[in-house]
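Thank you for making the time this morning; I would like to walk through one chain with you, beginning with its interior and then moving out to its overall form. Please keep the sequence and the model in view as I go.

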Amino acid sequence: GDIMLDIKNIMEDRGLDIGLLGAALNISDEEISEILENNDPSMLDDILLGELARVLDIDVQELIVE
């Protein structure tokens, strides 16, 4: 599936915006925007994926692209 679309949907469901997500992940809004716009989960390393899952309160497996 389109992991970045999933992330955007989860963010909307949880009322999170780019700024909050960036702050939670300790990366800049620009980096978050770039990752989402480029639909490039490979820009997220394992640590960031783990943090993202924690922040979004989802299973990290949902974020791992097979």
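The structure holds one cavity of 30 Å³ or more, where a cavity is a set of points, on a 1 Å grid over the protein atoms alone, at which a 1.4 Å probe fits but cannot get out. About 50 Å³ of space lies in the largest cavity, the volume being the space filled by probe spheres set on the points, which are joined across faces, edges and corners. I should say at once that this is a predicted model, in which local features need pLDDT of at least 70 and side-chain atom pairs count only at pLDDT 80 or more, while totals for chains, interfaces and linings use all residues. Residues are numbered from 1 along each chain as its sequence is written, and side-chain values use heavy atoms, with hydrogens and water left out.

Which residues line the largest cavity? They are Ile7, Leu21, Leu25, Ile32, Ile35, Leu36, Leu44 and Leu52, a lining to which α2 and α3 each give two or more residues, and to which α3 gives the most, with three. Helices here are DSSP runs of H or I, at least four residues long, and strands are runs of E of at least two, numbered from the N terminus; the chain comes to four helices and zero strands.

Turning to the largest nonpolar core, by which I mean buried Ala, Val, Leu, Ile, Met, Phe, Trp, Tyr and Cys residues joined through side-chain atoms within 4.5 Å, with buried meaning under 20% relative accessible area for a 1.4 Å probe, protein chains only, we find 20 residues, of which Ile7, Leu21, Leu25, Leu52, Leu56 and Leu63 touch the most other members. At least two residues of this core come from each of α1 (3-14), α2 (18-25), α3 (29-38) and α4 (46-56), and the largest share, six residues, comes from α4. Leaving aside residues up to four places away in sequence, Leu63 touches Ile3, Ile7, Leu49, Leu52, Ala53 and Ile58, a contact meaning heavy atoms within 4.5 Å.

As for the chain as a whole, 33% of its 66 residues count as buried, and among contacts with a separation of 6 or more, 58% are between residues 24 or more positions apart. The C-alpha atoms fill a box of roughly 30 × 20 × 20 Å, taken along the principal axes.

Terms used
Buried means under 20% relative accessible area, exposed over 50%, partly exposed in between (1.4 Å probe, protein chains only). On a 1 Å grid over the protein atoms alone, a cavity is a set of points where a 1.4 Å probe fits but cannot get out, and a pocket is an open set with protein on both sides within 12 Å along at least five of seven lines; lining residues have an atom within 4 Å of a point.
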